[in-house]
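Student: I'd like to go through this structure with you and ask why things are called what they're called. Can we look at it together?

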Amino acid sequence: MNIIVTDDYEKMSRAAADVISTLVSEKPDCVLGLATGSTPIGLYAELVKDCAAGKISFADVDTYNLDEYRGLPGDHVQSYRYFMNDNLFDHVDIDKARTHVPDGACADAEAACTAYEEAIDAAGGVDLQLLGLGHNGHIGFNEPCEEFPKTTHCVQLTESTINANSRLFDSIDEVPREAYTMGIGTIMKAREILVVANGEGKADIVKRAFFGPVTPEVPASVLQFHPNVTVIVDAEAGSKLDL
Ligand code: F6R
């Protein structure tokens with residue numbers, strides 16, 4: 001595991017964008033696994049700049065996002081599809097038909113999950129999976145539990161997640177109760193993994209996830225078993241590490 005601590009959020013974003021830009025330059029038809037959340041917003045902005053400057057092209061890239069709310073159509077402002085369009089896809093030369101987010105509008109949960117796993121396999125698997133880190137160690141919507149979920153599946157959101165997310169909706173009743181997420185097995189199949197985390201609030205979980213015991217109670221801890229992981233954190237998130 002390669003752990004990089006940068007001075008601040010801007011440098012974390014640039015360092016993470018460099019990892020992705022390098023891959024896209026070396027393998028223009030690579031398959032990227034992407035994440036939403038506040039952490040990667042800066043790195044997506046850096047990728048937009050790299051593309052505008054002609055350093056990279058996304059024309060032949062395929063993307064698969066980690067997760068999506070169940071029941072939200074892609075044009076809903078809180079859907080992860082909307083987030084990806086808004087932060088990256090609308091601003092680079094990517095073919096939208098090659099960008100994939102689990103289908104939140106699909107009524108048949110099992111069909112949506114199976115189709116997503118099959119699509120990733122058919123694309124040849126993910127070359128690089130980008131991950132943010134939840135305060136409790138979740139990755140995607142894989143929350144602490146008793147055993148690592150393997151494949152893409154539908155999860156019931158916990159009351160605390162529903163409450164936390166309600167700030168982004170007009171009322172708590174509008175917050176979806178379920179979501180689709182890649183499983184831990186799906187994530188672990190990626191050939192390379194890039195984790196980003198910033199801010200003081202992530203310092204404890206960065207230490208627990210990457211230096212504590214591997215347990216499904218801290219889902220990200222499983223990444224210690226992956227052979228090709230880079231973790232890039234800012235100084236605050238890295239402040240409890242003894243490197
Ligand atoms: C997002 C995702 C989540 C976030 C995590 C951290 O697609 O899968 O696991 O990566 O909740 O979120 P932020 O970056 O907002 O702290």
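Tutor: Sure, and let's begin with a term: a polar contact is a pair of N or O atoms within 3.5 Å; within protein, one must be able to donate a hydrogen and the other to accept it, and residues adjacent in sequence count only if both atoms are side-chain atoms. One thing to keep in mind is that this is a predicted model, where local features need pLDDT of at least 70, side-chain atom pairs count only at pLDDT 80 or more, and totals for chains, interfaces and linings use all residues. Residues are numbered from 1 along each chain as its sequence is written, and side-chain values use heavy atoms, with hydrogens and water left out.

Student: What makes the pair between Thr-39 and the ligand a polar contact?

Tutor: An N or O atom in the side chain of Thr-39 is 2.4 Å from an oxygen atom of the ligand. The cut-off is 3.5 Å, so the pair counts. Asp-67 has a polar side-chain atom 2.6 Å from a ligand oxygen, and for Lys-202 that distance is 2.7 Å. The ligand has 410 Å² of accessible area on its own, and the protein covers 84% of it (Shrake-Rupley method, 1.4 Å probe).

Student: Which residues are closest to the ligand?

Tutor: Thr-36, Thr-39, Asp-67, His-138 and Lys-202 are the closest of the 13 that surround it. To be near, a residue needs a heavy atom within 4 Å.

Student: Why is Asp-127 called buried?

Tutor: Its relative accessible area is 8%. Buried means under 20%, exposed over 50% and partly exposed in between, with a 1.4 Å probe and protein chains only, so 8% falls under the buried limit.

Student: Where is Asp-127, and which side chains does it make polar contacts with?

Tutor: Asp-127 lies in the loop between helix H4 (109-122) and strand S6 (128-131). Helices (H or I, at least four residues) and strands (E, at least two) are DSSP runs, numbered from the N terminus. The side chain of Asp-127 pairs with Lys-27 at 2.9 Å and with Arg-191 at 3.0 Å. Both residues are also among those that Asp-127 touches, as are Leu-23 and Cys-30; contact means heavy atoms within 4.5 Å.

Student: How do you know that Pro-176 is buried?

Tutor: The relative accessibility of Pro-176 is 7%, so it counts as buried. Pro-176 is in the loop between helix H5 (159-165) and strand S8 (178-181). Leaving out residues up to four places away in sequence, Pro-176 touches Tyr-69, Arg-70, Leu-72, Leu-157, Ile-162 and Phe-169.

Student: Why is Val-222 called buried?

Tutor: Val-222 has a relative accessible area of 7%, so buried is the right word. Val-222 is in the loop between helix H7 (203-211) and strand S10 (229-234), and its contacts beyond four places in sequence are Phe-148, Ile-184, Met-188 and Val-214.

Student: What makes Asn-85 count as buried?

Tutor: Its value is 16%, so Asn-85 counts as buried. Asn-85 is in helix H3 (residues 80-87), and its contacts, not counting residues up to four places away in sequence, are Asp-90, His-91 and Lys-96.

Student: What does the side chain of His-153 pair with?

Tutor: A polar atom of that side chain lies 2.7 Å from the backbone oxygen of Thr-151. His-153 is in strand S7 (residues 153-156), and the residues it touches include Cys-113, Asn-142 and Tyr-180.
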